[in-house]
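User: I would like a close look at a single part of this protein, namely one place where two helices pack against each other, together with the residues around it. Please set that part in the context of the chain as a whole.

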Amino acid sequence: MRRVVTGTWRGWREATEEALYGPSGFYRGPEGPAGHFRTSVHASPLFAAAVARLLCRVDEALGHPAELAFVDMAAGRGELVTGVLAALPAEVASRARGYAVERADRPAGLDHRIEWLTQPPEGITGLLFANEWLDNVPVEVAEVDATGVPRLVLVRDDDGAERLGEPVAGAEAQWLRRWWPLASEEAPFPGAPSEEVPSDDVPSEGAPFEGARAEIGLPRDTAWAGAVASLDWGLAVAVDYAHVAAARPPFGTLTGFREGRETAPVPDGSCDITAHVALDACALPGGRVVTQRAALRALGVSGARPALSLAATDPTAYVRALAGAGEAAELTATGGLGDFGWLLQPVGIPNPMGDGLLADDPRADGLLVDVPDHEEQ
């Protein structure tokens with residue numbers, strides 16, 4: 001049932017929260033995310049198999065604990081956790097415990113071994129994996145006005161119309177200043193314009209320009225820190241559309257999706273509302289951001305075509321290998337799923353992915369980021 005809209009002006013964070021997760025919100029629908037967009041989980045079982053191999057690496061780093069947790073954040077209908085448990089070697093599977101964290105109701109027929117929760121379990125040892133979760137954690141949107149002042153963007157839930165509200169202030173202004181600067185010395189935070197206005201119409205270097213936008217990622221930083229805190233030992237991974245400080249998009253990334261197509265982001269419950277994630281801001285000390293392409297290749301996912309000789313000796317195996325190579329190519333494609341960011345956050349263990357990932361992907365376009373252990377967040 002589509003929710004009742006009121007035409008009220010609200011910030012994007014509040015409007016999106018209700019539109020996605022309210023009683024009649026988009027994610028409460030029976031079809032789940034797979035009914036509207038294609039994630040890596042839905043693209044190929046190779047993705048779940050790769051995550052299962054990562055869980056095995058975490059298991060080894062942990063010394064093979066008696067109970068090994070796999071937590072699937074924003075689990076949809078449990079597709080990833082189901083695939084990961086099925087792909088584990090028998091000895092690891094016998095110790096593995098699966099958790100699906102999702103606001104929607106538990107789907108019928110889900111494996112009884114998978115625990116369905118609305119929040120990640122506390123005090124676990126293992127792997128927490130958040131595939132396309134943070135991009136759906138609602139955030140405020142800021143836009144620079146005609147005087148160079150960043151202001152909160154208000155939206156009307158019935159048609160998606162926007163207008164500017166109050167200047168960005170407080171912790172949100174601090175986040176923008178550090179992670180996505182929209183203001184310069186000519187128009188400092190919290191938003192009062194300078195008494196000195198440039199005499200010409202050409203902005204000075206580094207000055208804000210009217211219409212520049214940013215998504216204020218503070219709620220995502222907080223949500224990620226909370227998820228990581230649920231781990232006593234292990235690895236937390238966030239996989240998402242991403243950008244880093246060196247390449248923030250000048251007009252933001254807020255958009256909508258419905259039935260497999262991008263659409264205007266109207267917060268009426270009829271579509272997904274999403275924005276790319278500033279994964280470098282989310283990263284805690286010791287974290288690392290790499291591309292999905294580099295991560296999956298390190299986990300054995302390759303788009304290389306099988307040898308033609310296999311077609312002569314075992315045609316069925318050749319066709320199967322060729323299909324797998326096509327799926328792997330989609331998962332690692334430049335300009336597509338391969339450009340996603342993976343935020344790797346070890347907790348009490350060395351990074352199970354190793355130290356070579358930062359050099360493994362020359363096409364990363366600045367996405368690769370290492371956060372030193374001593375850096376303050």
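Analyst: What follows begins with the chain as a whole, turns to the packing of α3 with α4, and then visits some other residues along the chain.

The coordinates belong to a predicted model, and every value below is computed from it. The chain contains 11 helices and 18 strands, and 53% of its 377 residues are buried. Among the contacts in the chain with a separation of 6 or more, 74% are between residues 24 or more positions apart. The surface that the chain exposes comes to about 17,000 Å², of which carbon and sulfur atoms supply 53%.

Within this chain, helix α3 covers residues 45–61 and helix α4 covers residues 79–87, and the axes of the two helices lie 8 Å apart at an angle of about 60°. The two helices are therefore oblique to each other, given that an angle of 65 to 115 degrees would be needed for the pair to count as roughly perpendicular. The crossing in which α3 passes α4 is right-handed. On the α3 side, the residues that take part in the contact are Phe 47, Ala 48, Ala 49, Val 51, Ala 52 and Leu 55, and on the α4 side they are Leu 80, Gly 83, Val 84 and Ala 87. Sorted by character, the residues of this contact comprise 9 nonpolar and 1 polar, with no charged residue.

Leu 88 belongs to the loop between α4 and α5, the latter being residues 90–93. With a relative accessible area of 8%, Leu 88 is buried, because the limit for a buried residue is under 20%. When residues up to four places away in sequence are not counted, Leu 88 touches Ala 52, Leu 55 and Cys 56, as well as Ala 93 and Ala 96. Two of these partners, Ala 52 and Leu 55, also appear on the α3 side of the contact with α4. Ala 48, which likewise meets α4, is 40 residues from Leu 88 along the chain, and the C-alpha atoms of Leu 88 and Ala 48 are separated by 9.8 Å.

Helix α3 also holds Val 58, a residue that is buried with a relative accessible area of 0%. Leaving out residues up to four places away in sequence, Val 58 touches Gly 126, Leu 127, Gly 234, Leu 235, Ile 349 and Pro 352. Of these, Leu 235 is 177 residues from Val 58 along the chain, yet the C-alpha atoms of Val 58 and Leu 235 are separated by 6.9 Å.

His 64 lies in the loop between α3 and β2, a strand that spans residues 68–73. Although His 64 is not a glycine, its phi is positive, at about 60°, and at 47% relative accessibility His 64 counts as partly exposed. Glu 132 offers a second case of a positive phi in a residue that is not a glycine, here about 55°. Glu 132 is found in the loop between β5, residues 124–131, and β6, and at 9% relative accessibility it counts as buried.

Strand β6 also enters the surroundings of helix α1, where the buried residues of α1 are covered by elements that include β1, β6, β7, β8, β9 and β14. The buried residues of α1, a helix that runs over residues 12–21, are Trp 12, Ala 15, Thr 16, Ala 19, Leu 20 and Tyr 21.

Two further residues have distant sequence partners. Ala 333 is placed in the loop between α11, residues 315–331, and β17, residues 341–347, and is partly exposed with a relative accessible area of 27%. Apart from neighbours within four places in sequence, Ala 333 is in contact with Arg 293, Gly 338 and Asp 339. Between Ala 333 and Gln 292, which are 41 residues apart in sequence, the distance from C-alpha to C-alpha is 9.2 Å. Asp 370, for its part, sits in strand β18, residues 369–370, and counts as partly exposed at 40% relative accessibility. Val 290 is 80 residues from Asp 370 along the chain, and the C-alpha atoms of this pair are separated by 8.7 Å.

Note on methods
Residues are numbered from 1 along each chain as its sequence is written. This is a predicted model: local features need pLDDT of at least 70, side-chain atom pairs count only at pLDDT 80 or more; totals for chains, interfaces and linings use all residues. Side-chain values use heavy atoms; hydrogens and water are left out. Axes are lines fitted to C-alpha atoms, for helices over the stretch in contact, and angles run from 0 to 180 degrees between N-to-C directions. Helices (H or I, at least four residues) and strands (E, at least two) are DSSP runs, numbered from the N terminus. Angles under 35 degrees count as roughly parallel, over 145 as roughly antiparallel, 65 to 115 as roughly perpendicular and the rest as oblique. A crossing is left-handed if the near helix is turned anticlockwise from the far one by less than a right angle, and right-handed if clockwise. Contact means heavy atoms within 4.5 Å. Ala, Val, Leu, Ile, Met, Phe, Trp, Tyr, Cys and Pro count as nonpolar, Asp, Glu, Lys and Arg as charged, and the others, Gly among them, as polar. Buried means under 20% relative accessible area, exposed over 50%, partly exposed in between (1.4 Å probe, protein chains only). Accessible areas come from the Shrake-Rupley method with a 1.4 Å probe; for residues, only the protein chains shown count as cover.
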